[in-house]
Amino acid sequence: MSAPSAGNQRPWDFIVVTDHELIKRMSLTGPNSLPAKNAPVVILITGDTGRERYKDYWPVDCAAATENMLLEITRLGLGAVWLGVHPVVDRKEYLRNLFLLPSTVHPFAMISLGYAETDMKKERESRYDESRVHYNHWE
Ligand SMILES: Cc1cc2nc3c(=O)[nH]c(=O)nc-3n(C[C@H](O)[C@H](O)[C@H](O)COP(=O)(O)O)c2cc1C
């Protein structure tokens with residue numbers, strides 16, 4: 001909830017799900033969410049267009065909040081994965097029906113989290129690519 005958002009509009013809500021039966025149903029949102037079926041916690045991030053002061057920015061705001069959550073989850077020594085929902089219409093509809101969301105509330109993404117099987121602290125290869133940073137000019 002500390003994430004930056006357009007005009008500080010904070011369009012997000014978070015549904016924290018610990019109920020195993022409900023998590024199983026969430027894992028059927030799409031083929032990408034199947035690995036969530038055994039997670040102890042899945043968080044659904046939603047954006048409310050009713051709170052939007054700057055049109056069409058809600059997914060950008062929700063992405064910032066999602067990334068912040070991933071950073072904090074990692075800092076806590078847990079593992080998490082971003083499961084894409086928006087802009088895939090059938091995934092959004094499935095979750096809207098599952099949680100009986102009001103019409104202005106749009107499912108954005110799910111975060112599946114728990115204790116990671118792999119060592120999250122392991123050094124990873126740097127992806128930094130100098131050629132993708134442009135100073136003053138594109139060329
Ligand atoms: C918009 C978005 C949607 C994503 N959806 C999925 C997904 O459905 N399933 C998944 O396993 N990872 C998903 N990811 C995670 C990416 O696959 C992952 O960030 C990328 O492969 C890089 O790996 P890393 O984050 O572990 O460095 C998503 C990431 C973003 C930003």
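Over how many bridges do β2 and strand β4 pair, and in which sense, parallel or antiparallel? In this predicted model, β2 and β4 (residues 105–114) pair in the antiparallel sense over 8 bridges. The sections below place that pairing within the chain.

## Overall architecture

The chain contains 3 helices and 4 strands. Read from the N terminus, its elements follow the order β-α-β-α-β-α-β. Along the principal axes, the C-alpha atoms fill a box of roughly 50 × 40 × 25 Å.

Of the 139 residues in the chain, 27% are buried. Among the contacts with a separation of 6 or more, 73% are between residues 24 or more positions apart.

## The sheet

The 4 strands form an open sheet in the order β1-β2-β4-β3, with antiparallel pairing. The edge strands are β1 and β3, each of which pairs on one side only. From one strand to the next, the twist averages 25°. In general terms, the strands of a sheet pair through backbone hydrogen bonds, in either a parallel or an antiparallel arrangement.

β1 and β2 run antiparallel and are joined by 6 bridges. Across this pairing, Phe 14 stands opposite Ile 45 in β2. Between β2 and β4, which pair over 8 bridges, Ile 43 stands opposite Ile 111 in β4. β3 and β4 also pair in the antiparallel sense, over 6 bridges, and here Trp 82 stands opposite Ile 111 in β4. Ile 111 therefore has Ile 43 opposite in one pairing and Trp 82 opposite in another. 

## Helices against the sheet

Two helices lie across strands of the sheet. α2 lies across β1, β2, β3 and β4, and runs at about 10° to β4. α3 lies across β1, β2 and β4, and runs at about 85° to β4.

## Buried strand and nonpolar core

Why is β2 described as largely enclosed by the rest of the structure? The description applies because 6 of the 8 residues of β2 are buried.

The largest nonpolar core has 24 residues, of which Val 42, Ile 45, Ala 109, Met 110 and Ile 111 touch the most other members. The elements giving two or more residues to this core are β1, α1 (20–26), β2, α2, β3 and β4. Two of these core residues also appear in the strand pairings: Ile 45 stands opposite Phe 14, and Ile 111 stands opposite Ile 43.

Ala 109 illustrates how contacts in the core reach across the chain. With neighbours within four places in sequence left aside, Ala 109 is in contact with Ile 45, Cys 62, Thr 66, Trp 82, Leu 83, Gly 84, Val 85 and His 86.

## Surroundings of the ligand

Which residues lie around the ligand? They are Asn 32, Val 81, Trp 82, Leu 83 and Gly 84. This shell divides into 3 nonpolar residues, 2 polar residues and no charged residues. Trp 82, Leu 83 and Gly 84 are also among the contacts of Ala 109.

## Backbone features

A cis peptide bond joins His 86 and Pro 87, with omega at about 10°. Pro 87 is placed in the loop between β3 (79–84) and α3 (89–99). His 86, on the other side of this bond, is one of the contacts of Ala 109.

Two residues other than glycine have positive phi. Asn 8 has a phi of about 60° and lies in the segment before β1 (12–17). Asp 56 has a phi of about 70° and is found in the loop between β2 (41–48) and α2 (58–75).

Are Asn 8 and Asp 56 buried or exposed? Asn 8 is exposed because 9 other C-beta atoms lie within 10 Å, and a residue with 12 or fewer counts as exposed. Asp 56 likewise counts as exposed, with 9 C-beta neighbours inside 10 Å.

## The segment after β4

Val 133 lies in the segment after β4. Val 133 is exposed, since it has 7 other C-beta atoms within 10 Å. The C-alpha atoms of Val 133 and His 20 are separated by 44 Å, and the two residues are 113 residues apart along the chain.

Terms used
Residues numbered from 1 in each chain as written. Predicted model: local features only at pLDDT ≥ 70, side-chain atom pairs only at ≥ 80, totals over all residues. Buried ≥ 20, exposed ≤ 12 C-beta atoms within 10 Å, placed from the backbone. Pairing = 2+ DSSP bridges. Near = placed C-beta within 6 Å. Nonpolar A, V, L, I, M, F, W, Y, C, P; charged D, E, K, R; others polar. Core = buried A, V, L, I, M, F, W, Y, C linked by C-beta atoms within 7 Å. Contact = placed C-beta atoms within 7 Å. Axes fitted to C-alpha atoms, helices over the stretch in contact; angles between N-to-C directions.
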